Amino acid sequence: MAPRSTPRRAEGTHRADPDASSLRGRARWRSPRSIELLGVVGFLVVASMTVFMIAPNGSTSVAGVFWNDWVSTEFGPLGPADVDALIKVRQAGLWEIPVGQQARDRAQLDRVREVGAILAEDHTLMDEQVRDIAAQLDVRLPNTPNPDQQRWMDELSGLSGAEFDQVFADRLRAAHGGVLAVLAEVRAGTRNELVRSFCQHGMLMVLRHITLLESTGLVEYEELPAPRPPERRPLP
């Protein structure tokens, strides 16, 4: 009897159909999870491009500070606000020293004469300190008052007697309030050890001058800038 032949299995019965495999691959690629992943990757790419477009000069800190504007010193990082504080103290001395000397020599009230002499002396010492610190930190300071300060100097030069005393007290009291705010803000957040110490000393001097100017009895408080309302103050 002839041996029974075993029927051959149809070729490819257990092989994956290439076309079917391709279709399943494409189906997996188009699955919701894959589409979601692709969307996340696309968002990250667009976000990165946006950051570079908004901040072409360098990356920013969490607070939004452009760190490329900061420089390293042996006393710690030096930022734009630090430099601005040094500049403002320098410019304060450039007009308050000569105006204080004017008050010492020309004021009508003895108390205004005394206050003028103290302000001129203190600002002379402070000017020496700020120039020394600026040299250590390689900061370039101005050599002339700003336009407003120059206008106040010209104004006082044309006055005498009681009118001089009044304008002297008002102008310098307002100016000291502005400088105090700058020094306080920088003192609170500076990363530079030298600037921190300087602002600390400067705040004490400015507060002393504010008290001296108010001791003349001439300061018109209603003319001073009002404090910011609570909703416009930064959170503590």
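Is the crossing of α4 past α6 left-handed or right-handed? Left-handed, as View 2 spells out.

This is a predicted model, with residues numbered from 1 along each chain as its sequence is written. Local features need pLDDT of at least 70, side-chain atom pairs count only at pLDDT 80 or more, totals for chains, interfaces and linings use all residues, and side-chain values use heavy atoms, leaving out hydrogens and water.

**View 1. The cavity.** Searching the whole structure turns up one cavity of 30 Å³ or more (a set of points on a 1 Å grid over the protein atoms alone where a 1.4 Å probe fits but cannot get out). The largest cavity has a volume of about 80 Å³ (the space filled by probe spheres set on the points, which are joined across faces, edges and corners). Its lining (residues with an atom within 4 Å of a point) includes Glu96, His123, His176 and Phe198. At least two lining residues come from each of α3 (80–106), α4 (110–137), α6 (161–189) and α7 (193–214) (helices are DSSP runs of H or I, at least four residues, numbered from the N terminus). The biggest contributor is α7, with four residues.

**View 2. α4 against α6.** The two axes (lines fitted to C-alpha atoms over the stretch in contact) come within 11 Å and cross at roughly 40° (on a 0 to 180 degrees scale between N-to-C directions). The crossing is left-handed (the near helix is turned anticlockwise from the far one by less than a right angle). In contact (heavy atoms within 4.5 Å) are Val112, Val115, Gly116, Leu119 and His123 of α4 with Asp165, Phe168, Leu172 and His176 of α6.

**View 3. α4 end to end.** With 28 residues, α4 reaches 41 Å from its first C-alpha to its last, close to the expected 40 Å (1.5 Å times one less than its number of residues). Aspartate 138 follows α4 and has a positive phi, near 60°.

Conventions
1 Å grid on protein atoms, 1.4 Å probe; cavity = no way out; pocket = protein on both sides within 12 Å on 5 of 7 lines; lining within 4 Å.
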